[in-house]
Amino acid sequence: MPQTSEPTERHTLSVLVDNEPGVLARVIGLFSGRGYNIDSLTVSEVSHEGHLSRITIVTTGTPMVIEQIKNQLDRLVPVHRVRDLTVEAASLERELAMVKVRGVGEARGEALRLAEAFRARVIDATRESFVFEITGKSDKIDQFAWLMEPLGLVEVARTGVVAISRGPEGM
Amino acid sequence: MEKQMTGAEMVIQAFADQGVSHIFGYPGGAVLPIYDALFHQNEIEHILVRHEQAAVHSAEGYARSSGKVGVVLVTSGPGATNAVTGLTDALMDSIPVVCISGQVATHLIGNDAFQECDTVGITRPCTKHNYLVRDVNDLARVLHEAFYVAQNGRPGPVVVDIPKDVQFATGTYVGRENIVHKTYRPKLNAEQPQIAAAVEMIAGAKKPIFYTGGGVINAGPEASRLLRELARLTGVPVTSTLMGLGAFPAASRQWLGMLGMHGTYEANMAMHDCDVMVCIGARFDDRITGRLDAFSPGSKKIHIDIDPSSINKNVKVDLPIIGDCGRVLADLVSAWKARDLQMDRAALDAWWGQIDRWRARNCLAYRASDEIIKPQYAIERLYAATKDKDVYISTEVGQHQMWAAQFFRFEEPNRWMTSGGLGTMGYGLPAAIGAQKAHPDALCIDIAGEASILMNMQEMSTAVQFDLPVKIFILNNKYMGMVRQWQELLHGGRYSHSYSEALPDFVKLADAYGGVGIRCEKPGDLDAAIAEMISVRRPVIFDCIVDQQENCFPMIPSGRAHNEMILGDMAIDLDAAITDEGKMLV
């Protein structure tokens, strides 16, 4: 029988893993195989000497499912540590996006003004286009992209969320 | 120890260092160097199976009956893919297995070479961990890590995929003593405050129950001894999952029998009505809980498990204790003694009174017959004939498996091998072969169905070749009995493709393989036929012709709660007993 429909929560998890072949496949396979959601996933090496990569996963689920996800991640053999940044500490989240906008005249000027207001930088320009670089929380990027739509939004590339806890302690 | 040798020699050396004496395998192009290294030594015996699935099941039977790691050696491509069912089985039932697979040479990987497959990709979700070794200098470390990972924490299968050029290459071998795993450190010991809380909860219970599982068996014989001691100290009733049979003696008055879908009335009713449930090394599987929102509604639950991901997966518990069952049981026993705790005797006596009334329902009763062999009767007679012997029982999957669990009585751990989680037909014969290899003088019996046995029938050749006198005790009802039963209960008696037409003549088949065939059709002939089977020191196929229509009861219909179980003598409308929602469940 389906469990009662508990409300779902959004959690940001940091996972420190051995940077070995297949480790990302293990994590992704775990999520798809057990039917968990991935809202965002980023991965990159963070210590070359230590062979360590850090995976940041944003996921949604009931509290019971979130608990399962953490435990399932933690029992993967190459996983060193799993931290739930949503509950364990105050944390910071950022995402980087590149936003391409095409237009001339008034729309072009408006795009530039909005970019300034959002502290987006121009990293490429032609006579009829800009590429903006913007960092911030995901909803800020959503908002910026939404504003660019009527001004000639061509495409957006986003990194997904990276996150870190506040204060002096590491994970 | 450090030494130069080839990759293939490292495999054999690592086996020797890990105390491996038997491996189950099948050769092929990509493992020829390892088979060559095997040829040059005499310490490790290789048992040639007839199908790689059976190699893994044999290793499982070997592991489960001996407590050692089961070892498998297969070739690339089809060798590895054939092993997948066995690996998944070992993962679901937490059996320590190390499977070495050959792979095409590193420069060919990804080129769709002959007998190439992405073994680590395919086996990633069906192993505890796996490795592809590209450098011979990593091989020794990986092999030792594989044995460490397979048997520590919650046990499971580990695959090591070795390309052929790595097997030929020469590199440095390091001994197991030099290997410390970088990340994998399962938590074995519980925190003392949790132990204290647990014993206080047990002592405060009025209607307690111990619900034990395969984790107690996996934790070793000492864990079973400690379970018995804790049960003796407290007087608490004990039930067990399919996987946990034998951890607690069936002869004990405190034993309620197996619980779950085909468990006893008293075990399931006690689970439903208890006020404190102590789950020890089990995982609240759907076969156990029935309808989740009606599962043991009034109880506080303690869950002891080595795997944190088993906690709160299906059922929310009040007191989780992460640790090895054996160590936690030892802590509980000593905490109980140190505090000199006592149960509430009056409450416990009343609880036992209730349990005895449930017991009096005699839920395993069946209608005996002089004309036709009832499958339950066959298991009872098999048990009676073998109970004083050194016996190991494996099963296939289906009705016969449930009857074996209900009617064969286990007094010791490691005597019972069955495919619980995955439910793999074809498990029993290779598992019996593995157990027989680990216990050459014991009586190893595969309680089988005529449909399941055909899935790995070819292993009869293995048994004959290696002089392993396993007994295949077939309850032959000419149906896939459990499928037929579900079709009767859920699908209006439309027996779609569950009748086994064109069955082989099992007596002639035994003969063809070089074994011994025995057929029995009458209840009156059964004891003599079983005695003959036991006395033969050769592989035997025993074709026991049983009642075709018999159903396996008690049964908790899908989607129902523990206190809604159906007993064999109830005259009820079975179709109405299962809701439409229940029919969606398996």
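**Helix α1 of chain B**

I began with helix α1 (residues 7–17) of chain B in this predicted model, and I found that eight of its eleven residues are buried, which leaves the helix mostly covered. The buried ones I wrote down are Gly7(B), Ala8(B), Glu9(B), Met10(B), Val11(B), Ile12(B), Ala14(B) and Phe15(B). Just after α1(B) I looked at the backbone of Gly19(B), where phi is positive, at about 75°.

**Helix α16 of chain B**

I then turned to helix α16 (residues 399–407) of chain B, where eight of the nine residues are buried, so this helix is largely enclosed by the rest of the structure. The buried residues of α16(B) are Gln399(B), His400(B), Gln401(B), Met402(B), Trp403(B), Ala404(B), Ala405(B) and Gln406(B). What do the buried residues of α16(B) pack against? I listed β11, α15 (375–386), β15 (391–395), β17 (443–449), β18 (471–476) and α19 (481–490) of chain B.

**Two annotated spans of chain B**

From UniProt I took the feature "domain: Thiamine pyrophosphate enzyme TPP-binding", which an unreviewed entry places at residues 397–544 of chain B. I noted that residues 397–544 of chain B are 36% helix and 17% strand, and that the C-alpha atoms at the two ends of the span lie 17 Å apart. UniProt also gives, again from an unreviewed entry, "domain: Thiamine pyrophosphate enzyme central" at residues 195–332 of chain B. For residues 195–332 of chain B I recorded 36% helix and 20% strand, with the end C-alpha atoms 6 Å apart.

**A six-stranded sheet**

Next I followed an open sheet of six strands in chain B, whose order is β11-β10-β9-β12-β13-β14 and whose pairing is parallel. Why is one side of β11 (255–258) and of β14 (319–322) of chain B left without a neighbour in the sheet? Both strands stand at the edges and have a single partner strand each, so there is no neighbour in the sheet on one side of each. Averaged over this sheet, neighbouring strands are turned by 15° against each other, with direction ignored.

Helix α11 (residues 265–273) of chain B packs on the sheet, and I saw that it touches β9 (208–212), β10 (238–240), β11 and β12 (276–280) of chain B. The direction of α11(B) makes about 105° with that of β11(B). At the β14(B) edge I counted four bridges in the parallel pairing with strand β13 (residues 300–305) of chain B, and I noted Ile321(B) in β14(B) as the bridge partner of Ile304(B).

**Strands β6 and β7 of chain B**

Which way do the residues of strand β6 (residues 129–132) of chain B point? His129(B) and Tyr131(B) point one way, Asn130(B) and Leu132(B) point the other way, and all are buried. Strand β6(B) runs parallel to strand β7 (residues 157–163) of chain B and is joined to it by four bridges, with Tyr131(B) opposite Val160(B). Between β6(B) and β7(B) the chain passes through helix α6 (residues 136–151) of chain B, and I recorded this β-α-β crossover as right-handed.

**Backbone exceptions in chain B**

Before this check I reminded myself that most residues other than glycine have a negative phi, and that most peptide bonds are trans. Lys478(B), which is not a glycine, has a positive phi of about 60°, and its place is in the loop between β18 and α19 of chain B. Lys478(B) has 17 other C-beta atoms within 10 Å and is partly exposed.

His497(B), also not a glycine, has a positive phi of about 60° and sits in the loop between α19 and α20 (506–513) of chain B. Is His497(B) buried or exposed? With 9 other C-beta atoms within 10 Å, His497(B) is exposed. I also looked up the peptide bond that joins Phe553(B) and Pro554(B), which is cis, with omega at about -5°; Pro554(B) belongs to the loop between β20 (540–545) and α22 (574–577) of chain B.

**Chain A and its contact with chain B**

The contact between the chains takes 19 residues from chain A and 18 residues from chain B. On the side of chain A that touches chain B, the elements that give two or more residues are α1 (23–33), α2 (63–74) and β4 (79–84) of chain A. The largest share there, six residues, comes from α2(A). I sorted the residues of this side of chain A into six nonpolar, eight polar and five charged.

My last entry concerns Ile141(A), in helix α4 (residues 138–148) of chain A, which is buried, with 22 other C-beta atoms within 10 Å. Setting aside neighbours within four places in sequence, Ile141(A) is in contact with Glu95(A), Ala97(A), Ile134(A), Gly136(A) and Arg158(A).

How values were computed
Residues are numbered from 1 along each chain as its sequence is written. Chains are lettered from A and ligands numbered from 1 in the order in which they are written. This is a predicted model: local features need pLDDT of at least 70, side-chain atom pairs count only at pLDDT 80 or more; totals for chains, interfaces and linings use all residues. Two residues are in contact if their C-beta atoms, placed from the backbone, lie within 7 Å. Ala, Val, Leu, Ile, Met, Phe, Trp, Tyr, Cys and Pro count as nonpolar, Asp, Glu, Lys and Arg as charged, and the others, Gly among them, as polar. UniProt positions are given in the numbering used here, feature names are shortened, and annotations may be inferred rather than shown by experiment. Two strands pair if DSSP finds at least two bridges between them. Axes are lines fitted to C-alpha atoms, for helices over the stretch in contact, and angles run from 0 to 180 degrees between N-to-C directions. A residue is buried if 20 or more other C-beta atoms lie within 10 Å of its own, exposed if 12 or fewer, and partly exposed in between; C-beta atoms are placed from the backbone. A crossover is right-handed if, with the strands pointing away from the viewer, the path from the first strand over the helix to the second runs clockwise.
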